[in-house]
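Reader: Please take me through one part of this model closely, starting from the enclosed space in its interior and following the residues around it outwards. I would like a connected account rather than a list.

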Amino acid sequence: MAEVGEGMKIRRALPSRERRLIGAWCFLDHFGPTDIGGTRGMRVGPHPHIGLQTVTWLLEGEVLHRDSLGSLQSIRPGQLNLMTSGRGISHSEESPPMATPLLHGLQFWIALPDSARNMAPAFDHYPTLPIITCDGATVTVFAGQALGERSPAAIHSALVGLDVQMPPQSSARLPLHSHFEYGALVMQGSLTVGDEELGPGTLLYLGCGRESLVLRSDSGTRAVLVGGQPFGEPVLMWWNFVARTHEQILRACQDWNGRADYLGEVKGYDGERLVAPLPP
Ligand code: MN
């Protein structure tokens with residue numbers, strides 16, 4: 001468990017000791033469901049990123065995003081926020097003043113390949129995404145391509161991200177890309193994947209080479225399935241940075257603390273910017 005902002009508990013599914021990447025997916029936090037009534041809720045002060053894209057996906061509540069490009073964007077369940085750091089960006093995340101009391105969601109990072117690591121930063125909000133029925137499951141394609149549908153999200157490597165909702169006593173056979181590795185994470189309820197029954201908090205790594213996956217749920221579930229072509233580039237992560245070498249990480253920390261222009265400045269957040277801890 002880690003803490004984000006002022007006291008919100010989160011579960012870090014990726015990276016773990018056993019698994020650092022699934023395709024280009026390099027980080028996955030599951031926060032809530034948390035009752036933020038009577039508190040200020042999520043409060044993540046201005047901080048930088050390099051070398052990655054952040055994906056925010058909510059099940060409940062609302063989060064307000066600000067970034068150094070001047071973006072000010074509220075996100076609600078069913079919508080996707082995609083921030084591309086490229087060579088450098090900074091942002092903050094907070095619960096808006098009139099937020100609903102429950103907050104529940106995911107934040108993913110996607111490592112950018114060398115071909116996109118130094119691109120200009122960008123921020124995109126996608127208010128609607130393709131939703132498909134597959135046997136007993138309702139699947140939202142928030143990244144990549146599946147079941148004949150493609151997410152509008154601008155991604156730079158071959159990967160997929162699916163939100164899977166299943167009612168009690170249901171099953172589905174989901175077609176997969178056999179050259180992708182996959183992982184499954186339950187957010188609510190329970191899900192049986194092959195012989196494994198998963199509850200919230202465990203990331204099941206599924207590897208490559210599957211043409212399809214049989215999912216069953218006795219109690220109903222809300223889960224995500226992420227996959228991608230094995231990344232094939234070295235990835236070094238420290239604090240909010242994804243890089244290739246220790247020197248790049250150290251420089252990014254020093255540059256943020258020294259207020260280098262390329263990492264930008266977030267305007268309008270009522271709180272302090274975070275300080276980068278130097279790597280050992
Ligand atoms: Mn961030």
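Author: The largest cavity of this predicted model has a volume of about 70 Å³, and it is one of two cavities of 30 Å³ or more that a search of the whole structure finds. Its lining is made up of Thr54, Thr56, Val63, His65, Ile75, Asn81, Leu82, Met83, His91, Glu93 and Phe123. Strand S5 (52-60), strand S6 (63-67), S8 and S9 are the elements that each give two or more residues to this lining, and the largest share, three residues, comes from S8. Sorted by class, the lining of the largest cavity has five nonpolar, five polar and one charged residues.

Two of the lining residues deserve a closer look, and Asn81 can be taken before His91. Asn81 is found in strand S8, which covers residues 80-84, and at a relative accessibility of 4% Asn81 counts as buried, because the limit for that class is under 20%. The side chain of Asn81 is joined to that of His125 by a polar contact of 2.7 Å. Leaving aside residues up to four places away in sequence, Asn81 touches Thr54, Val55, Thr56, His65, Gln73, Ile75, Phe123, Asp124 and His125. Among the residues on the cavity wall are Thr54, Thr56, His65, Ile75 and Phe123, and each of these five is also touched by Asn81.

His91, the other lining residue to follow, leads to the metal site. The manganese ion is coordinated at 2.1 Å by the NE2 atoms of His47, His49 and His91, and along the chain these donors follow the spacing H-x1-H-x41-H. His49 lies in strand S4 (residues 43-49) and His91 in strand S9 (residues 89-94), so this pair of donors ties together parts that are 42 residues apart in sequence. Both His49 and His91 are buried. His91 therefore has two roles in this description, as a donor to the manganese ion and as a lining residue of the largest cavity.

For contrast, the second largest cavity has a volume of about 30 Å³ and is lined by Val164, Ala184, Leu191, Leu215, Ala223, Val224 and Leu225. Its lining has seven nonpolar, no polar and no charged residues, whereas the lining of the largest cavity includes five polar residues and one charged residue. Strand S23 (residues 221-228) gives the largest share of the lining of the second largest cavity, three residues.

Asp163 offers a link to this second wall. Asp163 is placed in strand S16 (residues 159-166) and is buried, with a relative accessible area of 0%. The side chain of Asp163 makes a polar contact of 2.8 Å with that of Trp57 and another, of 2.9 Å, with that of Arg222. Not counting residues up to four places away in sequence, the residues that Asp163 touches are Trp57, Thr138, Val139, Thr140, Phe142, Met187, Arg222, Ala223 and Val224. Ala223 and Val224 in that set are also among the residues lining the second largest cavity.

Definitions and conventions
Residues numbered from 1 in each chain as written. Predicted model: local features only at pLDDT ≥ 70, side-chain atom pairs only at ≥ 80, totals over all residues. Heavy atoms only, no water. Donors = N, O, S within 2.8 Å, 3.2 Å for Na, K, Ca; no water. Helix = DSSP H or I, 4+ residues; strand = E, 2+ residues; numbered from the N terminus. Buried < 20%, exposed > 50% of the residue type's maximum accessible area, 1.4 Å probe, protein only. Polar contact = N/O pair within 3.5 Å; in protein donor to acceptor, adjacent residues only side chain to side chain. Contact = heavy atoms within 4.5 Å. 1 Å grid on protein atoms, 1.4 Å probe; cavity = no way out; pocket = protein on both sides within 12 Å on 5 of 7 lines; lining within 4 Å. Points joined across faces, edges and corners; volume = space filled by probe spheres on them. Nonpolar A, V, L, I, M, F, W, Y, C, P; charged D, E, K, R; others polar.
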